[in-house]
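Trainee: I should like to learn how to read a structural model feature by feature. May we begin with the model itself?

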Amino acid sequence: MDFNMKKLASDAGIFFTRAVQFTEEKFGQAEKTELDAHFENLLARADSTKNWTEKILRQTEVLLQPNPSARVEEFLYEKLDRKVPSRVTNGELLAQYMAEAASELGPTTPYGKTLIKVAEAEKRLGAAERDFIHTASINFLTPLRNFLEGDWKTISKERRLLQNRRLDLDACKARLKKAKAAEAKATTVPDFQETRPRNYILSASASALWNDEVDKAEQELRVAQTEFDRQAEVTRLLLEGISSTHVNHLRCLHEFVESQTTYYAQCYRHMLDLQKQLGSSQGAIFPGTFVGTTEPASPPLSSTSPTTTAATMPAGPSGAGLAPPGEAALRLEEVAPPASGTRKARVLYDYEAADSSELALLADELITVYSLPGMDPDWLIGERGNKKGKVPVTYLELLS
């Protein structure tokens, strides 16, 4: 018990001495041992590495899991040392909804068949995303996290110990300086004109005491200097190891880019396959939407954006090839729109009618369009009020 109390008192004394030294340094009342420029550069590079590693780690976690609640849940599971439950990706969840919708709305209908095809593609995208998240977590996030939770904690511990050793060293220097000043003062204090011999005895005794104090302070300073130098060397070696950390993080970064490239390449292939599947079936889908027939007609319009259409649209319609033989004699005003299959369309660009069979268009206006059996797939019948005429498909954006 006595030993513990002595140790506690000793630790309290050391802590108090360090606190006094630190406070005096802050107020400029005590000298501070400065580290060399190379050591300071190592410290600055280590701090910068730690800060940027934290930012990169956090943002990569956001990239892989945008949901903050899910990230908190995964963090808690990791802290509790429990396995993180398997989570359905957004693509897989969308695929599930699309498959259920196709089952309920009719898997044999054009819409239902397309839903099933898109659902299969989304499921493959979700699986690719899951593999990418798993690979990136192992090859990139784990090494960064290991550095922050392992190497950096060791460096921080040794830096704090070095700081304490420096405070002890500077406190010893201050103590020795005060002891030497007191010894010099005690040596010069005796007054040889003093008539009382007792003062000579006291002065000589004080001088001897301060001489012993100086010897003790010098011994403590030598010990403190040795401990500081040893701790500085240990900390320097750890800080120089940051270069190896950079090399390791560089390798992990290459692996992350490789896995991300593989992921996006898989996504591109899956979507390209889906586009081909939808392209082969669009001829059977859109005519059914227009006039209730399954005969091939015009290619899909929704897959072409206005910008793309503007880049590829013809400079102007040609009079030849607008209608098959026999349709030129058809009077459009006598043609009644089908009972079903009409759609609204927004005009993308101004269009000037080439003849009386065509309908002039103004950009952004809404018209009603429909198709007729045997009609050129690049043209539709457009109606605006009591006016009716042919309109080019490339100038329209179908709405409903």
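Trainee: Which residues does aspartate 168 touch, not counting residues up to four places away in sequence?

Mentor: First, a word on the source: this is a predicted model, in which local features need pLDDT of at least 70 and side-chain atom pairs count only at pLDDT 80 or more, while totals for chains, interfaces and linings use all residues. Residues are numbered from 1 along each chain as its sequence is written, and side-chain values use heavy atoms, with hydrogens and water left out. Contact means heavy atoms within 4.5 Å. Aspartate 168 touches Ile14, Arg18 and Ala224. Its place is in helix α5; helices (H or I, at least four residues) and strands (E, at least two) are DSSP runs, numbered from the N terminus.

Trainee: Is aspartate 168 buried or exposed?

Mentor: Buried means under 20% relative accessible area, exposed over 50%, and partly exposed in between (1.4 Å probe, protein chains only). Aspartate 168 has 17% relative accessibility and therefore counts as buried. Threonine 60, in helix α2, counts as buried at 8% relative accessibility. Leaving aside its neighbours within four places in sequence, threonine 60 is in contact with Phe140, Leu141 and Phe256.

Trainee: Which residues touch the most other members of the largest nonpolar core?

Mentor: A nonpolar core is a set of buried Ala, Val, Leu, Ile, Met, Phe, Trp, Tyr and Cys residues joined through side-chain atoms within 4.5 Å. The largest one here has 34 residues, of which Phe132, Phe140 and Leu239 touch the most other members. At least two residues of this core come from each of α2 (37–64), α5 (110–188), α6 (197–240) and α7 (242–291). Helix α5 gives the most, with 16 residues. Not counting residues up to four places away in sequence, leucine 239 touches Phe39, Leu42, Leu43, Arg45, Ala46 and Ile155. A second, separate core has 20 residues, including Tyr349, Tyr351, Ile381 and Val391.

Trainee: How should one read a single helix, and which residues of α4 are buried?

Mentor: One may begin with its span, whose expected value is 1.5 Å times one less than the number of residues. Helix α4 (residues 90–105) has 16 residues and reaches 22 Å from its first C-alpha to its last, close to the 22 Å expected. Its buried residues are Gly91, Glu92, Ala95, Met98 and Ala102. Seen down the axis of α4, they fall within an arc of 120° (taken from the directions from the helix axis to the C-beta atoms), so they line one face of the helix. On the other side of α4, Asn90 and Glu104 are exposed. Just after this helix, glycine 106 takes a positive phi of about 120°.

Trainee: In what order do the strands of the sheet stand?

Mentor: Strands of a sheet pair through backbone hydrogen bonds, either parallel or antiparallel. Two strands are taken as paired if DSSP finds at least two bridges between them. Here five strands form an open sheet in the order β4-β3-β2-β1-β5, with antiparallel pairing. Strands β4 (387–392) and β5 (396–398) stand at the edges with a single partner strand each, so one side of each is left without a neighbour in the sheet.

Trainee: Which side chains of β1 point to one face and are buried?

Mentor: In a regular strand the side chains alternate between the two faces of the sheet. Along β1 (residues 343–347), Arg343, Ala345 and Val347 point to one face and are buried, whereas Lys344 and Arg346 point to the other and are not. Arginine 346 stands opposite leucine 366 in β2 and opposite glutamate 397 in β5. Four bridges pair β1 with β2 (residues 366–370), and three pair β1 with β5.

Trainee: Where is aspartate 364 found?

Mentor: Aspartate 364 is in the loop between β1 and β2. Although not a glycine, aspartate 364 has a positive phi of about 75°. Its relative accessible area is 54%, so aspartate 364 is exposed.

Trainee: How many bridges join β3 to β4?

Mentor: Six bridges join β3 (residues 379–384) to β4, with arginine 384 opposite lysine 387. These two strands form a hairpin with two residues between them, and glycine 385 in the turn has a positive phi of about 65°. Five of the six residues of β3 are buried. Three bridges join β2 to β3; the bridge partner of threonine 368 is glutamate 383 in β3.
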